[in-house]
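Reader: I'm new to this one and would like to know the reasons behind the labels. Could you walk me through them?

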There are 2 protein chains.
Amino acid sequence: MVLDAAAKVVGTHGSGASVDAIARQAGVSKGGLLHHFRSRDQLLLALAEDLAEQFAAAVHAAVDPRDHAPGRLVRGYVNATFDDLIDGTSVPEQVVLAAALSTVPGVAEVLQRDKQRWNEAFDADGLHPQRALLIVRAADGVATAGLYEGGTDPEELRRTRQLLLALSRQEGPLADL
Amino acid sequence: MVLDAAAKVVGTHGSGASVDAIARQAGVSKGGLLHHFRSRDQLLLALAEDLAEQFAAAVHAAVDPRDHAPGRLVRGYVNATFDDLIDGTSVPEQVVLAAALSTVPGVAEVLQRDKQRWNEAFDADGLHPQRALLIVRAADGVATAGLYEGGTDPEELRRTRQLLLALSRQEGPLADL
DNA sequence: CTGAGCAAACCGTATGGTCGGCTCGTAGGA
DNA sequence: TCCTACGAGCCGACCATACGGTTTGCTCAG
């Protein structure tokens with residue numbers, strides 16, 4: 001798809017990626033590309049929305065259908081994040097993309113709305129809010145950190161994932177830890 | 001300073017910020033700016049290095065000199081992150097910058113080396129490695145998340161900070177939480 | 001007098017966006 | 001069934017502008 005090509009180019013060349021470059025990667029001409037997206041900014045905006053959608057789909061796909069305990073969405077979030085972090089590179093790519101795109105007009109609002117939706121979903125997930133927040137933020141942090149290195153130790157990733165999952169299976173506040 | 005101006009422009013306009021724009025923000029001409037930095041890429045590289053340095057200085061300044069217990073550096077890291085997250089906006093800005101710059105040739109290596117140094121420093125901090133990792137990644141995640149919203153609830157930030165600090169004052173593995 | 005610091009004009013190139021035209025699938029009339 | 005008209009999708013040439021980097025020359029401290 002066109003947006004996949006855009007994601008690849010923006011991921012490697014930053015938010016300043018040229019329409020030419022994206023079009024070439026997508027196998028179309030610049031004129032053809034701008035026939036679908038009125039302008040470069042609209043293209044990047046569509047990319048941001050697609051990104052958020054893709055990640056949400058990955059999370060919901062990672063939720064265990066047999067899991068009905070509180071925190072199931074949090075566990076899906078953690079698993080989706082770490083899955084892509086271990087064998088693919090798509091999540092860190094998404095982090096770069098989100099950050100790179102955050103300077104494009106309109107994208108900040110999209111990301112903000114998306115984050116708001118996540119917060120509400122976590123609130124409805126049954127876990128103590130602070131506990132859910134800590135777990136999700138830690139997963140975010142691991143994904144962000146995964147950006148800067150050639151690849152984190154897979155064994156460490158596995159342990160961290162297990163720890164976060166274990167934390168999500170307890171309830172109540174974290175204050176007494 | 002010139003790099004501060006560069007940080008501001010790159011933070012708002014992305015890694016594609018023009019030399020002109022940075023020069024104007026810094027109050028010098030493009031020619032004058034390129035007199036100090038051979039090229040645009042060198043300027044952005046210097047910016048990345050300065051960024052890493054500034055953050056490291058903030059962390060070390062946030063370490064309580066009377067604190068000699070294991071995890072003191074982790075606590076400094078947490079405090080530095082949350083301090084800037086609450087009253088300034090410089091840390092989220094640093095996150096945007098790091099991500100935006102990560103596509104600039106050479107910057108990825110700088111950030112990677114910096115991250116490696118942090119890992120070593122945390123290893124020498126006396127805390128159980130997995131515990132330190134969780135705390136630091138959670139702080140990173142909170143900083144990253146702070147990007148997308150107009151501002152997280154300060155009270156929630158305060159509580160999260162206290163939680164992370166409390167976690168850093170216990171020792172041993174986290175498995176039994 | 002000299003050289004560092006800076007400004008401004010300048011150059012070739014790359015960019016975002018527009019435009020005329022080409023191709024082809026298809027609706028519809030005979 | 002055949003022919004025609006049409007419109008969506010796409011291409012490649014084109015234009016004005018903005019870009020990175022170089023060069024020239026001014027200013028002023030030592």
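**Why the labels fit**

Author: Sure, let's start with a pair of helices: α4(A) and α5(A) cross in a right-handed way. Keep in mind that this is a predicted model.

Reader: What makes α4(A) roughly perpendicular to α5(A)?

Author: Helix α4 (residues 40-62) and helix α5 (residues 72-86), both of chain A, pack at an angle of about 110°, and their axes are 7 Å apart. Angles of 65 to 115 degrees count as roughly perpendicular, so that's the name for α4(A) and α5(A).

Reader: Which residues make that contact?

Author: On α4(A) they are A:A58, A:V59, A:H60 and A:A62. From α5(A) come A:G76, A:Y77, A:N79, A:A80, A:D83 and A:D84. Sorted by class, the contact of α4(A) with α5(A) has 5 nonpolar, 3 polar and 2 charged residues.

Reader: How do you know how chain A and chain B are related, and what superposes chain A on chain B?

Author: A rotation of 180° does it, with 0.1 Å of shift along its axis, and the RMSD is 0.1 Å. The two copies are therefore related as by a two-fold rotation axis.

Reader: And why say that the copies meet through the same surface?

Author: Look at who takes part: 100% of the interface residues of chain A are interface residues in chain B too, so the copies meet through the same surface.

Reader: How many residues does each chain bring to the contact?

Author: Chain A brings 34 residues and chain B brings 35 residues, where a contact needs C-beta atoms within 7 Å. On the chain A side, the elements giving two or more residues are α1 (2-13), α6 (90-101), α7 (107-123), α8 (129-145) and α9 (154-168). Of the side of chain A that touches chain B, α8(A) gives the most, with 11 residues. By class, that side of chain A splits into 17 nonpolar, 12 polar and 5 charged residues.

Reader: What makes a residue count as near DNA strand C, and which ones come nearest?

Author: The C-beta atom has to lie within 6 Å of the strand. There are 15 residues around DNA strand C, and A:S18, A:R40, B:S29, B:G31 and B:G32 come nearest.

Reader: Which elements supply that surface?

Author: At least two residues each come from α2 (19-26) and α3 (30-36) of chain A and from α3 (30-36) of chain B. α3(B) gives the most to the surface near DNA strand C, with 5 residues. As for class, the surface near DNA strand C has 3 nonpolar, 8 polar and 4 charged residues.

Note on methods:
Residues are numbered from 1 along each chain as its sequence is written. Chains are lettered from A and ligands numbered from 1 in the order in which they are written. This is a predicted model: local features need pLDDT of at least 70, side-chain atom pairs count only at pLDDT 80 or more; totals for chains, interfaces and linings use all residues. Two residues are in contact if their C-beta atoms, placed from the backbone, lie within 7 Å. Helices (H or I, at least four residues) and strands (E, at least two) are DSSP runs, numbered from the N terminus. Ala, Val, Leu, Ile, Met, Phe, Trp, Tyr, Cys and Pro count as nonpolar, Asp, Glu, Lys and Arg as charged, and the others, Gly among them, as polar. Copies are superposed by least squares on the C-alpha atoms of residues with pLDDT of at least 70 in both. Axes are lines fitted to C-alpha atoms, for helices over the stretch in contact, and angles run from 0 to 180 degrees between N-to-C directions. Angles under 35 degrees count as roughly parallel, over 145 as roughly antiparallel, 65 to 115 as roughly perpendicular and the rest as oblique. A crossing is left-handed if the near helix is turned anticlockwise from the far one by less than a right angle, and right-handed if clockwise.
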